[in-house]
Amino acid sequence: MTEVVAALIWDQNRFMICQRPAHKARGLLWEFAGGKTEPGETKEQALIRECQEELDVTLSVGEIFMDVVHEYPDLTVHLTLFNAAISEGTPQMLEHNDIRWITVDEIDQYAFCPADESILNKLKNAGK
């Protein structure tokens with residue numbers, strides 16, 4: 001199983017989503033910023049490193065928002081989504097095709113990676 005970490009980064013009532021590069025698996029689908037953990041890293045360290053590499057920002061990592069296990073045809077991921085905030089920097093598109101800040105009401109306008117579906121449902125239901 002592949003350990004993956006991601007960040008639920010809020011800016012007032014909007015949160016950040018990133019569009020995967022076209023050439024990668026699940027290309028052009030939307031996801032939360034993050035990536036795979038490396039040996040010896042904590043999940044928090046991996047998330048900070050991935051966001052530094054992909055967005056050129058420093059994160060302040062908070063509590064876990066949700067854990068998800070999802071089986072894709074090519075791999076099984078254990079996704080840990082953390083509440084997080086940008087403590088330094090402005091997000092840059094170093095790896096992603098696009099970056100957006102959206103409200104919970106706008107979730108259905110975007111095609112997300114299947115592993116994110118239960119997270120998105122939790123976000124939508126929390127707002128009700």
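The legends below accompany several close-up views of a predicted model of one protein chain.

**View 1. The whole chain, with its helices and strands.** The protein chain holds two helices and seven strands, and, read from the N terminus on, these elements follow one another in the order β-β-β-β-α-β-β-β-α. The radius of gyration of the protein chain is 14 Å, close to the 14 Å that the globule rule gives for 128 residues, so the chain is as compact as a globular protein of that length. Measured out along its principal axes, the C-alpha trace spans about 40 × 35 × 30 Å.

**View 2. The surface and the interior of the chain.** Of the 128 residues in the protein chain, 42% count as buried, while the chain exposes about 6,800 Å², of which carbon and sulfur atoms supply 46%. When contacts between residues at least 6 apart in sequence are considered, 68% of them join residues that are at least 24 apart.

**View 3. Strand β1 and its pairing partners.** Strand β1, which covers residues 2-11, runs parallel to strand β6, residues 76-88, and eight bridges join the two. With strand β4, residues 33-36, strand β1 pairs in the antiparallel sense over four bridges. Val4 can be used to follow both pairings, as this residue stands opposite Leu79 in β6 and also stands opposite Lys36 in β4.

**View 4. The hairpin of β1 and β2.** Strand β1 is also joined to strand β2, residues 14-19, by two bridges, and these strands run antiparallel. The bridge partner of Trp10 in β2 is Phe15. Two residues lie between the strands of this hairpin, in which Gln12 takes a positive phi near 60°.

**View 5. Glu31 and its surroundings.** Glu31 is placed in strand β3, which is made up of residues 30-31. Is this residue buried or exposed? Its relative accessible area is 14%, and because this value is under the 20% cut-off, Glu31 counts as buried. Leaving aside neighbours within four places in sequence, Glu31 is in contact with Ile17, Cys18, Arg20, His96, Phe112, Cys113 and Asp116. With one of these residues, Arg20, there is a polar contact between side chains, at 3.0 Å from Glu31.

**View 6. Glu31 and Leu47 along the chain and in space.** Glu31 and Leu47 are 16 residues apart along the chain, and their C-alpha atoms are separated by 14 Å.

Conventions. Residues are numbered from 1 along each chain as its sequence is written. This is a predicted model: local features need pLDDT of at least 70, side-chain atom pairs count only at pLDDT 80 or more; totals for chains, interfaces and linings use all residues. Side-chain values use heavy atoms; hydrogens and water are left out. Buried means under 20% relative accessible area, exposed over 50%, partly exposed in between (1.4 Å probe, protein chains only). Contact means heavy atoms within 4.5 Å. A polar contact is a pair of N or O atoms within 3.5 Å; within protein, one must be able to donate a hydrogen and the other to accept it, and residues adjacent in sequence count only if both atoms are side-chain atoms. Two strands pair if DSSP finds at least two bridges between them. The radius of gyration is taken over C-alpha atoms; the globule rule is 2.2 Å times the number of residues to the power 0.38. Accessible areas come from the Shrake-Rupley method with a 1.4 Å probe; for residues, only the protein chains shown count as cover.
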